[in-house]
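Work through the exercises below with the model open. Try each task before reading its solution.

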Amino acid sequence: MTELVSIRVSGVDKRLGANQALAGVSLDFVAGRMHGVIGPEGAGKTTLMRTLLGLLAPDAGTIEYRMNGNAVAFDAIRPRIAYMPQQPSLYPDLSIDEHLEFFRALYRISREEYRRRREELLEITRLGPFAQRAAGKLSGGMYKKLGLMCALLRSPEVILLDEPTNGVDPISRREFWELLYDLAERRILILVTTAYMDEAERCSLVHLLESGRVVAEGEPRALLAREGVRTFDELFLRHAGLPA
Ligand SMILES: Nc1ncnc2c1ncn2[C@@H]1O[C@H](COP(=O)(O)OP(=O)(O)OP(=O)(O)O)[C@@H](O)[C@H]1O
């Protein structure tokens, strides 16, 4: 059974060198929903993800993780979180199958569970026919899908995706989103960062980050209506102080 995981971020600050990457960020990530964290380059999206993953410690503020409504320690949650970084670090010479086998060993997944997951993932990503192809010879979209497969191999309950569709062609982008909807139906908490404003509309809740602060958030349609704009492009430009 999937455990329902939620995350509450309260007043988190994080300074990196001379930059205040996060400045008093408070956010509620609700179990089973697809959250889009959007914002321009340097807004703090990656820093937020790395903080949620425990890779960076906040300078101030707290992050609370809940499972089925009960507060749990980060250590209990960590194995349930999958992360797909902006540039998945895959091995160019290893095939798709060799990558999956590598992560099976790393995550210590049983052979039986692995066979089931492998088949399922190859089917949903439609990468089955390419299972023997080296990662270095995959298209950009396929490469990203392989990154996602490696992250999903151990059935996470939370998945953090940092700009998963950046630089991917529109068809692969659409396929990728179908894949995310599929995951959302399993009540996995999904956090996705994106710089594509059309993708913001695909999320159930959107949070706009700007210079390390949350400047607007809500359900996509309601948020646009409240801000008096028609598109996320307009919202984005307005918050950046630029004419639409
Ligand atoms: N290691 C670092 N040292 C100093 N400053 C950093 C470091 N990493 C990031 N920053 C700065 O922190 C701020 C937030 O960066 P972050 O990478 O979180 O933004 P982002 O929204 O993910 O941007 P992008 O979409 O370009 O990845 C930026 O001003 C960035 O320049």
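**Exercise 1. Trace the six-stranded sheet and find its edges.**

Solution. The strand order is S6-S7-S8-S3-S9-S10, in an open sheet with mixed pairing. Strand S6 (81–84) and strand S10 (213–218) each have a single partner strand, so one side of each lacks a neighbour in the sheet. Direction ignored, neighbouring strands here are turned by 15° against each other on average. Strands are DSSP runs of E, at least two residues; helices are runs of H or I, at least four residues; both are numbered from the N terminus. Two strands pair if DSSP finds at least two bridges between them.

This is a predicted model: local features need pLDDT of at least 70, side-chain atom pairs count only at pLDDT 80 or more, and totals for chains, interfaces and linings use all residues. Residues are numbered from 1 along each chain as its sequence is written.

Now take the S6 edge. S6 runs parallel to strand S7 (residues 158–162), joined by four bridges. Met 84 stands opposite Leu 161 in S7.

**Exercise 2. State which helices lie across this sheet, and at what angles.**

Solution. Start with H1. It lies across strand S3 (34–38), S7, strand S8 (189–194) and strand S9 (205–210), at about 150° to S7. Next, helix H8 (residues 220–227) lies across S9 and S10, at about 110° to S10. Angles run from 0 to 180 degrees between N-to-C directions; axes are lines fitted to C-alpha atoms, for helices over the stretch in contact.

**Exercise 3. Describe the four-stranded sheet.**

Solution. The order is S2-S1-S4-S5, open, with antiparallel pairing. S2 and strand S5 (70–72) are the edge strands, each pairing on one side only. The average turn between neighbouring strands is 30°, direction ignored. Three bridges join S5 to strand S4 (residues 60–67), and the two run antiparallel. Tyr 65 has Val 72 in S5 as its bridge partner.

**Exercise 4. Characterise the packing of H3 against H5.**

Solution. Helix H3 (residues 96–107) and helix H5 (residues 140–152) pack at about 25°, axes 9 Å apart. H3 is therefore roughly parallel to H5 (angles under 35 degrees). The contact joins Ile 96, His 99, Leu 100 and Phe 103 in H3 to Leu 146, Met 149 and Cys 150 in H5 (contact: C-beta atoms, placed from the backbone, within 7 Å). By class, six of these residues are nonpolar, one is polar and none is charged. Ala, Val, Leu, Ile, Met, Phe, Trp, Tyr, Cys and Pro count as nonpolar, Asp, Glu, Lys and Arg as charged, and the others, Gly among them, as polar.

**Exercise 5. Break down the shell around the ligand.**

Solution. Its residues include Leu 16, Asn 19, Glu 41, Lys 45 and Thr 46 (C-beta atom, placed from the backbone, within 6 Å of the molecule). Strand S2 (19–29) and helix H1 (45–52) each supply at least two residues. H1 gives the largest share, three residues. The classes are three nonpolar, seven polar and two charged.

Definitions and conventions
Parallel < 35°, antiparallel > 145°, perpendicular 65-115°, else oblique. Contact = placed C-beta atoms within 7 Å.
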